[in-house]
Amino acid sequence: MGSSSSNLNTIPNSQELMQETGFSAAHLLRLYERFEFLDKDNKGHLRPEDFEAVQELSTNPIGDIIIGSFFSPGQETVDFPSFVRILAHFRPAEKNRTRDGAQPEPANSSTGKLKFAFQLYDRDRDGKISREELLQVLRAMLEMQVTEEQLESMAERAIQEADLDEDDAISFDEFKKSLEKVNIDHKMSIHFMK
Ligand SMILES: [Ca+2]
Ligand SMILES: [Ca+2]
């Protein structure tokens, strides 16, 4: 078996991170190993190009957009705690976990997942998805398969359907309403350990 190269003690603030994100010790260790693997030159943080080693992302049409979501606007690096907090959005929601009202909405709740999805579109993080932002995502997803004209009419339709206050952009509330029928927990969950 050999000695394990990492244990919980090597992870800074591991207890707080587990409490905050709901990841178990085993999950956190796995994520730490993953982080260290991606951090090839042991910088202690990841840069966008480090994510290119993640197969699922390099082949995902909106991989760049997902990678971008790990970085705050204007930031080129992500450290381990932030990395874990982002991934916490993809934990399946726990059905029977009660939480007291004082706690913030957990990242893996339906609302937490929706907020994360919303932010994938809202590139400039001004709280609204503009027509141009919607077009950027559609373009990335459907590259080469449809014409620019078709993309524009798709964006137009999406905005018309979701835009209730008619400001020509989609707010988070409008986004949430338009996705009410979608099982967001199912769509945005990754089972981290099989
Ligand atoms: Ca925006
Ligand atoms: Ca609106």
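Biologist: Which handedness does the crossing of α7 and α8 have in this predicted model?
Modeller: In this predicted model, helix α7 covers residues 131-142 and helix α8 covers residues 148-162, and the two pack with their axes 9 Å apart. The crossing that α7 makes with α8 is right-handed.

Biologist: Are α7 and α8 roughly parallel or oblique to each other?
Modeller: The two helices pack at an angle of about 130°. Since angles over 145 degrees count as roughly antiparallel and 65 to 115 as roughly perpendicular, this value belongs to neither class, and α7 is therefore oblique to α8.

Biologist: How many nonpolar, polar and charged residues does the contact of α7 with α8 have?
Modeller: From α7 the contact draws on R131, L134, L135, L138, R139 and L142, which meet E148, L151, E152, M154, A155, E156, A158 and I159 in α8. Sorted by class, these residues come to 9 nonpolar, no polar and 5 charged.

Biologist: Which residues does the UniProt annotation "domain: EF-hand" cover?
Modeller: The annotation comes from an unreviewed UniProt entry and is given for two spans. In the model, one span is 67% helix and 8% strand, with its end C-alpha atoms 35 Å apart, while the other is 61% helix and 8% strand, with 30 Å between its end C-alpha atoms. According to the record, the residues covered are 109-144 and 150-185.

Biologist: What pattern does the protein chain follow when read along the sequence?
Modeller: The secondary structure of the protein chain comes to 10 helices and 4 strands, and its C-alpha trace spans about 60 × 40 × 30 Å along the principal axes. Read along the sequence, these elements give the pattern α-α-β-α-α-β-α-α-β-α-α-β-α-α.

Biologist: What distance separates the centres of domain 1 and domain 2?
Modeller: The protein chain is divided into domain 1, residues 14-90, and domain 2, residues 106-194. Contact between them involves 20 residues of domain 1 and 17 residues of domain 2. Taken over C-alpha atoms, the distance between the two centres is 22 Å.

Biologist: Are α1 and α5 oblique or roughly parallel to each other?
Modeller: Helix α1 (residues 14-21) and helix α5 (residues 80-87) pack with their axes 10 Å apart, at an angle of about 20°, and the crossing in which α1 passes α5 is right-handed. Because angles under 35 degrees count as roughly parallel, α1 and α5 are classed as roughly parallel.

Biologist: Which residues in α5 do L17, E20 and T21 in α1 meet?
Modeller: By class, the contact of α1 with α5 has 4 nonpolar, 1 polar and 2 charged residues. On the α1 side it is formed by L17, E20 and T21, and their partners in α5 are F80, P81, V84 and R85.

Biologist: Are α2 and α5 roughly parallel or oblique to each other?
Modeller: The axes of helix α2 (residues 25-38) and α5 come within 11 Å and cross at roughly 120°, in a right-handed crossing. Because the class of roughly perpendicular runs from 65 to 115 degrees, this angle falls outside it, and α2 is oblique to α5.

Biologist: Into what classes do the residues of the contact of α2 with α5 divide?
Modeller: In α2 the residues L28, L31, Y32 and F35 take part, and they meet F80, F83, V84 and L87 in α5. The residues of this contact divide into 8 nonpolar, no polar and no charged.

Technical notes:
Residues numbered from 1 in each chain as written. Chains lettered and ligands numbered in written order. Predicted model: local features only at pLDDT ≥ 70, side-chain atom pairs only at ≥ 80, totals over all residues. Heavy atoms only, no water. UniProt positions renumbered as here; feature names shortened; annotations may be inferred. Axes fitted to C-alpha atoms, helices over the stretch in contact; angles between N-to-C directions. Left-handed = near helix turned anticlockwise from the far one by under 90°. Contact = heavy atoms within 4.5 Å. Nonpolar A, V, L, I, M, F, W, Y, C, P; charged D, E, K, R; others polar. Domains from an automatic or database assignment.
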